[in-house]
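Take a look at the chain shown here. The report below walks through how its parts are arranged.

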Amino acid sequence: MATKHIFITAILLSSISLVLGHSVQKSEMYPLVVSTWPFVDAVRAAWRAVDGGSSAVEAVVEGCSACEELRCDGTVGPGGSPDENGETTIDAMVMDGSTMEVGAIAAMRYVKDGIRAANLVMRHTKHTMLVGEKASEFAISMGLPGPMNLTSPESVEKWSKWKANGCLPNFRKNVVPQNGCGPYHLNDYFLLTAELQEGTCPGDDMLGSLPSSSSHVDVKNHDTISMAVIDQMGKIAVGTSTNGANFKIPGRVGDGPITGSSAYADTEVGACGATGDGDIMMRFLPCYQVVESMRLGMEPELAAKDAISRIARKYPDFVGAIFAVNKDGVHAGACHGWTFQYSVRTSAMKDVKVFTVLP
Ligand SMILES: *[C@@H]1O[C@H](CO)[C@@H](O)[C@H](O)[C@H]1NC(C)=O
């Protein structure tokens with residue numbers, strides 16, 4: 001226990017020393033790469049690109065793409081997070097913080113290269129987001145490989161176990177069957193509500209209480225790579241990639257491809273990346289909040305904590321985390337409901353450093 005405490009203190013101290021690193025030469029502050037989770041190889045890939053002179057956007061694409069190929073935690077790239085039908089779909093987004101251009105794809109089927117598809121949307125269309133099978137058609141027409149099978153033996157096994165467990169846990173609420181596989185129907189509560197609207201007046205006890213939906217997000221269920229890069233010119237970009245939540249209802253899109261929720265960048269201010277229960281986090285646009293707070297002068301750490309606490313006030317049980325980095329390269333994290341780790345690489349470091357943030 002004592003050892004653990006010292007270890008954590010050491011991490012906190014190293015993060016403080018970085019915060020105090022304001023006095024270092026500006027040229028030493030970037031390039032810089034920050035990513036959610038210990039996705040060390042993804043950060044190395046982005047670092048190689050940006051250190052070699054690539055733009056922030058190019059480096060973000062390289063970094064997130066590496067995570068897709070490595071299938072980071074099984075929750076990025078192909079072959080992970082089967083939906084209710086056992087299918088894997090891809091969500092991804094890239095944002096250029098200098099032009100405020102964004103490209104995103106959501107619920108994309110049959111194509112594994114999420115961040116590259118998002119980048120094609122940004123670079124070769126005037127749109128911001130394409131979804132579903134039409135996103136797949138676009139990606140393939142622009143040269144990405146596909147259509148291909150995104151299911152893996154691991155995702156088949158995960159899905160089979162879930163089916164055998166009565167399709168639990170799932171994301172349904174106020175339906176019958178409540179504890180089983182579909183097809184699902186509206187439950188009695190809504191039938192009663194309909195009757196109420198027609199003037200019937202059932203007793204209080206008939207309304208009963210709504211079944212509470214339990215949160216089943218955990219460290220292996222909702223991981224997203226969210227990455228920020230400051231390039232040698234000081235320009236900032238962010239990118240995300242995920243295959244979403246396990247056993248999601250087909251068609252579900254989380255925070256991953258939503259600008260301002262999973263990530264946001266403004267070269268004039270800084271950047272933010274988020275991970276966690278996307279269904280809840282996307283209601284608050286926490287990364288937009290973080291960047292705007294920093295614009296008004298808030299330090300990254302306070303900005304990140306503030307954005308997390310705004311969500312926690314309404315959803316005390318939500319699980320999520322945020323990193324914030326300002327244009328001077330000062331970075332910090334905040335989390336709720338779980339211990340968060342984020343990875344950083346700067347020219348002052350010999351390799352990627354992983355920072356741990358306690359809730
Ligand atoms: C896709 O791959 C999975 C796992 O390897 C396999 O079980 C499934 O039959 C494949 N589907 C098609 C349509 O080829």
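The text goes from the whole chain to its two sheets, its core and its ligand.

**The chain as a whole**

This is a predicted model. The chain holds eleven helices and 14 strands. Of its 359 residues, 50% count as buried. Contacts between residues 6 or more positions apart were also sorted by separation, and 63% of them join residues 24 or more positions apart.

**The eight-stranded sheet**

Eight strands make an open sheet with mixed pairing. Their order is 4-3-2-8-7-1-13-14. Strand 4 (129–131) and strand 14 (353–357) form the edges. Each has a single partner strand, so one side of each is left without a neighbour in the sheet. On average, neighbouring strands are turned by 10 degrees against each other, direction ignored.

Strand 1 (residues 32–36) pairs with strand 7 (residues 225–230) in the antiparallel sense. Strand 1 also pairs with strand 13 in the antiparallel sense. The table sets out these two pairings, together with one from the other sheet.

| Strand pair | Sense | Bridges | Residues opposite each other |
|---|---|---|---|
| Strand 1 and strand 7 | antiparallel | four | Val 33 and Val 229 |
| Strand 1 and strand 13 | antiparallel | five | Val 34 and Val 344 |
| Strand 10 and strand 11 | antiparallel | seven | Ala 274 and Ile 322 |

Is strand 1 enclosed or left open by the rest of the structure? Five of its five residues are buried, so strand 1 is largely enclosed. Its residues point two ways: Leu 32, Val 34 and Thr 36 go one way, while Val 33 and Ser 35 go the other. All of them are buried.

**Helices on this sheet**

Helix 2 (residues 40–51) lies across strand 1, strand 7 and strand 13 (340–346). Helix 2 runs at about 155 degrees to strand 1. Helix 3 (residues 56–70) packs on the sheet too. Helix 3 touches strand 1, strand 2 (90–96), strand 7 and strand 8 (236–242). The direction of helix 3 makes about 20 degrees with that of strand 8.

Glu 58 lies in helix 3. Glu 58 has 18 C-beta neighbours inside 10 Å, and so counts as partly exposed. A residue needs 20 or more such neighbours to be buried. Glu 58 and Ala 237 are 179 residues apart in sequence, but their C-alpha atoms are 8.8 Å apart in space.

Helix 3 also meets helix 4 (residues 114–124). Their axes come within 8 Å and cross at roughly 145 degrees. Helix 3 brings Val 61, Cys 64, Ser 65 and Glu 68 to this contact. Helix 4 brings Gly 114, Ile 115, Arg 116 and Asn 119. By class, the contact residues are three nonpolar, three polar and two charged.

**The nonpolar core**

In soluble globular proteins, nonpolar side chains tend to be buried together. Here the largest nonpolar core has 94 residues. Which residues have the most contacts inside this core? They are Ala 46 and Val 60. Helix 3 gives the most to the core, with eight residues.

Leave aside the neighbours of Val 60 within four places in sequence. Val 60 is then in contact with Ala 46, Val 94, Met 227, Val 229, Ala 237, Val 238 and Gly 239.

**The four-stranded sheet**

Another open sheet has four strands in the order 9-10-11-12, and its pairing is antiparallel. Strand 9 (263–266) and strand 12 (331–336) stand at its edges. Each has a single partner strand, so one side of each lacks a neighbour in the sheet. Neighbouring strands here are turned by 10 degrees against each other on average, direction ignored.

Helix 10 (residues 286–295) lies across strand 9, strand 10 and strand 11. Helix 10 runs at about 150 degrees to strand 10. Seven of its ten residues are buried, so helix 10 is largely enclosed by the rest of the structure. The buried ones are Pro 286, Cys 287, Gln 289, Val 290, Val 291, Ser 293 and Met 294. Their cover includes strand 9, strand 10, helix 9 (278–281), helix 11 (300–314) and strand 11. Just after helix 10, Gly 297 takes a positive phi of about 110 degrees.

**Around the ligand**

Which residues surround the ligand? They are Asn 149, Thr 151, Ser 152, Pro 153 and Val 156. By class, this shell has two nonpolar, three polar and no charged residues.

Technical notes
Residues are numbered from 1 along each chain as its sequence is written. This is a predicted model: local features need pLDDT of at least 70, side-chain atom pairs count only at pLDDT 80 or more; totals for chains, interfaces and linings use all residues. Two strands pair if DSSP finds at least two bridges between them. Axes are lines fitted to C-alpha atoms, for helices over the stretch in contact, and angles run from 0 to 180 degrees between N-to-C directions. Two residues are in contact if their C-beta atoms, placed from the backbone, lie within 7 Å. A residue is buried if 20 or more other C-beta atoms lie within 10 Å of its own, exposed if 12 or fewer, and partly exposed in between; C-beta atoms are placed from the backbone. A residue is near a molecule or strand if its C-beta atom, placed from the backbone, lies within 6 Å of it. Ala, Val, Leu, Ile, Met, Phe, Trp, Tyr, Cys and Pro count as nonpolar, Asp, Glu, Lys and Arg as charged, and the others, Gly among them, as polar. A nonpolar core is a set of buried Ala, Val, Leu, Ile, Met, Phe, Trp, Tyr and Cys residues joined through C-beta atoms within 7 Å.
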